[in-house]
Amino acid sequence: MYAHKAWQTLKLEIPVDLAKVASRLGIIIHEKDFVDEIDGLYLRINGAPPIISINSSYKKPLMRRRFTLAHEIGHHLLGRRINPGNRLFFVDAGKTQRTLIERACNRFAAQLLMPEDLVKHHYNELCYNAGQRVAIMAERFGVSGWAMRRRLKEMGLEVSSFRR
Ligand SMILES: [Zn+2]
């Protein structure tokens, strides 16, 4: 729902300009190289702009950082509705993806970065190149191959394996 709204109001294109989405929401983004186990943080305190911090360590691939940023924007939007007026703070590490809210933020990130109609469009367009399809789509949408593969599966689209 939020992802769809962002696409409509901001006239987004792929790969989604996440900095534009964040700035439109008044969010400040910090990028900093910090401990490996952290991917990103979201912080909201009344009277100050919300902050997203992304671990820019070279060990975090760019596509993963993009997904983390989209996920943190999800915390902002979902948290706005759940808990207005309160402080909110989330730490995202590789192992904290299990709770309901974390899953909702991942779903938001997937929908923001890979909207269903566009995924279908590109999927069909690449029907004669099924072997390279996931890689090409990942590149076009600015996501990891893993994230694209998962998105296709959850949409019920067939993902070819890398058989030769
Ligand atoms: Zn999170």
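**A tour from pocket to helix**

The second largest pocket here has a volume of about 230 Å³. You're looking at a predicted model, so keep that in mind as you click around.

To bring the pocket up, select its lining: M1, A3, H4, W7, Q8, Q111, P115, E116, D117, L118, R151 and M155. Two elements, α1 and α5 (116-125), each give two or more residues to that lining. Helix α1 supplies the largest share, with 4 residues. Now try colouring the lining by residue type: you should get 6 nonpolar, 3 polar and 3 charged residues.

Next, colour by domain. Domain 1 (2-113) and domain 2 (115-164) each put at least three residues into the lining of this pocket.

Time to zoom in on α1, which spans residues 2-10. Which of its residues are buried? Select Y2, A3, A6, W7 and L10, and you have them. These buried residues sit on the same side of α1 because they cover an arc of only 140° around the axis.

Then swing the view round to the face of α1 turned away from that buried side. What's exposed there? You'll find H4, K5 and Q8. Keep H4 and Q8 selected for a moment: both belong to the pocket lining too. From the buried set, A3 and W7 also turn up in that lining.

Last stop: step just past the end of α1 to K11. Check its backbone and you'll see a positive phi of about 50°.

Notes:
Residues are numbered from 1 along each chain as its sequence is written. This is a predicted model: local features need pLDDT of at least 70, side-chain atom pairs count only at pLDDT 80 or more; totals for chains, interfaces and linings use all residues. Side-chain values use heavy atoms; hydrogens and water are left out. Buried means under 20% relative accessible area, exposed over 50%, partly exposed in between (1.4 Å probe, protein chains only). The arc is that of the directions from the helix axis to the C-beta atoms. On a 1 Å grid over the protein atoms alone, a cavity is a set of points where a 1.4 Å probe fits but cannot get out, and a pocket is an open set with protein on both sides within 12 Å along at least five of seven lines; lining residues have an atom within 4 Å of a point. Grid points are joined across faces, edges and corners, and a volume is the space filled by probe spheres set on the points. Ala, Val, Leu, Ile, Met, Phe, Trp, Tyr, Cys and Pro count as nonpolar, Asp, Glu, Lys and Arg as charged, and the others, Gly among them, as polar. Domain bounds come from an automatic or database domain assignment.
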